[in-house]
Amino acid sequence: MTQKNIILGITGGIAAYKTPELVRRLRERGADVQVVLTRSAREFVTETTLQAVSGLPVRSDLWDKGAEAAMGHIELARWADLILIAPATAEIMARLASGSAPDLLTTLCLATEAPVLIAPAMNHVMWKNPAVQENRDKLISRGVRILGPASGDQACGETGPGRMLEPNEIVAAVMAPLAVPDIVQAPLAGMTVMITAGPTREAIDPVRYITNRSSGKMGFALAVAARQAGAKVILVCGPVSIPAPEGVECINVESARDMFAATHARIDDVNIFIAAAAVADYRAVDEKTGKIKKSTDELSIALVKNPDILASVDRMHNGPFTVGFAAETDNLGDYARSKLESKRLNMIVANLVGKNIGFDADENAVEVFWLGGEQSFPLADKRQLAQDLIALIAERYLQGINADTQTELPIMMVRD
Ligand code: C5P
């Protein structure tokens, strides 16, 4: 870690009482912390305490002539490797979402090119309010990382989601990307990522088909996150009802065989292939040209296996880094590890599916496995989860390339 200048914005919530501890933990990890207080934060925590623990005068006023003369706000925005706002109130989220900048902290957020992370803290009813949720969605779509909030007892005596994460949890999240400062902004710049998403639709006759419950939300969220990470993104997607993400090339397909053809037509320049589609395993042996008539009490339709797109990409000589998905109803870890090995993937993202979990939901919880490692991602909004997954995929992919450059082994060797 070479650069580690952190602006810690503190806004007016009761969780502000935990911020001196947060400053200490960040400094223990080698960070320089410039505290910026909003006016209401000063009701909860004092400048004297924060100055003592940070070792730097606290900033709070955009119009403070002395502070501005020492380091102007634009200079301060450039100084930061990262802006962390903890606790983040509903008010600061609304200001950030609207792009308004009436005070020093919001001005810094507009004037910086550094990543912005926020740890929301508020009453659980406020957190669930549609206006707050809409602002959260807007911020996520612009690349702001939302840390938490956690669920549990609240200062108001109620229980629910809205607690600020604990200082050590925030520090872990903040320090992970700072460990590789030069690739924080756009770790996948110059790379092409191809993602398959959604279900496929296998025709039985001109009006009927076999499909599944996949909504495409996870694959689409991964496409947005990969784009935000600087990659050129090709999204090969089955029939879904959500709009194509901006800045992403979307190739619409219907059947597994269409998806196979579209994938292979563009795979040669792809660095990372993420198979998030729920490809139908089988299709009708014989697709009828006319509508099947309702006649007999029983009707059998013979099915034949579809080509495995992921396996075919994986078998390519000097093929891309491959990430598969495994949706299971039980024994998640065992199935995922055996699929990782049998398909010889670089990584596998495993999630439980069932009623209201995994498919067609807005949230997901996954376990990721690779040879020699694994990581759990607790239940989170698919857009947030996608950002975290892309960060991990980028980290593992880039580690593979670096190892490869040092040992002069072909990229395929990374898998072993
Ligand atoms: O073997 P299983 O179908 O469980 O593997 C799931 C993974 O393989 C997913 O990443 C899925 O997108 C991919 N897959 C595929 N083509 C198929 C079946 C699955 O790319 N025909």
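This briefing walks through the cysteines and the salt bridges of the structure above. Please keep in mind that the model is predicted. A search of the whole structure turns up zero disulfides, while the same kind of search for salt bridges returns 19. Below you will find the cysteine pair first, then three salt bridges with their surroundings, and then a network.

**Cysteines**

- Why is C237 not bonded to C250? The two sulfurs are 3.7 Å apart, which is too far for a bond, because a disulfide needs sulfur atoms within 2.5 Å.
- Seen from the other side, C250 is in no disulfide either, and its nearest cysteine sulfur is that of C237.
- As for surroundings, C237 is buried at 1% relative accessibility, whereas C250 is partly exposed with a relative accessible area of 25%.

**The bridge between D388 and R145**

- D388 and R145 form a salt bridge in which the closest N and O atoms are 3.1 Å apart.
- D388 belongs to helix 14 (residues 382-407) and R145 to strand 5 (residues 145-146), so this bridge ties together parts that are 243 residues apart in sequence.
- R145 counts as partly exposed, at 22% relative accessibility.

**The bridge between R266 and E249**

- For R266 and E249, the closest N and O atoms of the salt bridge are 2.6 Å apart.
- Helix 11 (residues 256-266) holds R266 and strand 12 (residues 249-252) holds E249, so the pair ties together parts that are 17 residues apart in sequence.
- R266 is partly exposed, with a relative accessible area of 28%, and E249 is partly exposed too, at 31%.

**The bridge between K339 and E328**

- The side chains of K339 and E328 also meet in a salt bridge, with an N to O distance of 3.1 Å.
- Which elements does this pair link? K339 is in helix 13 (residues 332-342) and E328 is in strand 16 (residues 321-328), with their positions eleven residues apart in the count along the chain.
- Are the partners buried or exposed to some degree? K339 is partly exposed at 26% relative accessibility, but E328 is buried, with a relative accessible area of 11%.

**A shared network**

- Some salt bridges share partners, and in this way R136, D137, D381 and R383 are joined into one network.

Note on methods: Residues numbered from 1 in each chain as written. Predicted model: local features only at pLDDT ≥ 70, side-chain atom pairs only at ≥ 80, totals over all residues. Heavy atoms only, no water. Buried < 20%, exposed > 50% of the residue type's maximum accessible area, 1.4 Å probe, protein only. Salt bridge = Lys/Arg side-chain N within 4 Å of Asp/Glu carboxyl O. Helix = DSSP H or I, 4+ residues; strand = E, 2+ residues; numbered from the N terminus.
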